[in-house]
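Dear colleague,

I am handing over the structure below, with its sequence. My notes on what was found in it follow, and they can be read with the structure open beside them.

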Amino acid sequence: MQSNGRFFSKSQVSQLSAPLKTCSFTSDSSARCFFFLLLLHRNLVALLSMAEFVGRPFFSCRNCRKPVALADDILSRKFRAKWGPAYMFTNAMNVVVGRTQERQLMTGVFAVADVYCSNCHEEMGWKYVRAHDPKQKHKEGRFVIDLSKIVKEY
Ligand SMILES: [Zn+2]
């Protein structure tokens, strides 16, 4: 089995296929069979999402190393945040979004919410919640993360 250039270990493969061997479609074991299939499905989903993540560069919290954003999700590298240069991402993960407030930024007034690492609560940057200028609407829902708060991982 191969995915994104990474091999699954033998134990992972046997762990996944074990429920299939013990699963038969007799009436008394159908409940158990359903349970095993559910377990198999969960394992597969976990492994596939892991495989999707592995091999793709991402950024993690500089403080606790929790993954914060995928390098693939960078929309712009020309941002400045509270502490210095920052990137705008289409999405962020493992973050907590704070209270929405109106803020005057370089490109106008926006409703923004500060964003914190969900693990160590370090402030990371902000999320654009609403843009008042129609020309700035494309920023809504995007995340600006300060480069001094993240490290790139491969
Ligand atoms: Zn953190």
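**The core and what surrounds it**

The largest nonpolar core has 23 residues, and those touching the most other members are Val68, Ala69, Phe89, Ala92, Phe143, Val144 and Ile145. At least two residues of this core come from each of S3, S4, S6, S8, S9 and S10. As general background, nonpolar side chains in soluble globular proteins tend to be buried together. Please keep in mind that this is a predicted model.

For orientation, the chain contains 2 helices and 11 strands. Their order along the sequence is β-β-α-α-β-β-β-β-β-β-β-β-β. The chain has 154 residues, of which 18% count as buried. Among contacts in the chain with a separation of 6 or more, 48% are between residues 24 or more positions apart.

**The sheet**

An open sheet is built from 6 strands, which follow the order S5-S6-S10-S9-S8-S7 with antiparallel pairing. Its edges are strand S5 (74–80) and strand S7 (95–105); each has a single partner strand, so one side of each has no neighbour in the sheet. On average, and with direction ignored, neighbouring strands of this sheet are turned by 30° against each other.

Strand S10, residues 143–146, pairs with strand S9, residues 123–131, through 3 bridges, and the two run antiparallel. Two of the residue pairs between these strands involve residues named above: Gly125 lies opposite Ile145, and Trp126 lies opposite Val144. S10 also pairs with strand S6 (residues 85–89), again in the antiparallel sense, over 4 bridges. Here Phe143 in S10 is the bridge partner of Phe89.

Which way do the residues of S10 point? Phe143 and Ile145 point one way, Val144 and Asp146 point the other way, and all are buried. What does Val144 touch, once its neighbours within four places in sequence are left aside? Val144 is in contact with Phe79, Ala81, Ala86, Met88, Gly125 and Trp126. Of these, Trp126 is also the residue that stands opposite Val144.

**The S3–S4 hairpin**

S3 and S4 form a hairpin, with 5 residues between the two strands. They run antiparallel and are joined by 3 bridges. Ser60 stands opposite Pro67 in S4. Both strands appear in the list of those that supply at least two residues of the core.

Arg65 lies in the loop between strand S3 (58–61) and strand S4 (67–70). Its phi is near 65°, which is a positive value in a residue other than glycine. Is Arg65 exposed, partly exposed or buried? Arg65 counts as partly exposed, because 14 C-beta neighbours lie inside 10 Å.

**A second positive phi**

His121 is not a glycine either, yet its phi is positive, at about 65°. His121 is found in the loop between strand S8 (108–117) and S9. Why does His121 count as exposed? Because 12 other C-beta atoms lie within 10 Å of His121, and a residue is exposed if that number is 12 or fewer.

**Where to look**

A reader new to the structure could begin at S10, which pairs with S9 and with S6. The two loop residues, Arg65 and His121, can be looked at after that.

Regards

Conventions
Residues are numbered from 1 along each chain as its sequence is written. This is a predicted model: local features need pLDDT of at least 70, side-chain atom pairs count only at pLDDT 80 or more; totals for chains, interfaces and linings use all residues. Two strands pair if DSSP finds at least two bridges between them. Axes are lines fitted to C-alpha atoms, for helices over the stretch in contact, and angles run from 0 to 180 degrees between N-to-C directions. A residue is buried if 20 or more other C-beta atoms lie within 10 Å of its own, exposed if 12 or fewer, and partly exposed in between; C-beta atoms are placed from the backbone. Two residues are in contact if their C-beta atoms, placed from the backbone, lie within 7 Å. A nonpolar core is a set of buried Ala, Val, Leu, Ile, Met, Phe, Trp, Tyr and Cys residues joined through C-beta atoms within 7 Å.
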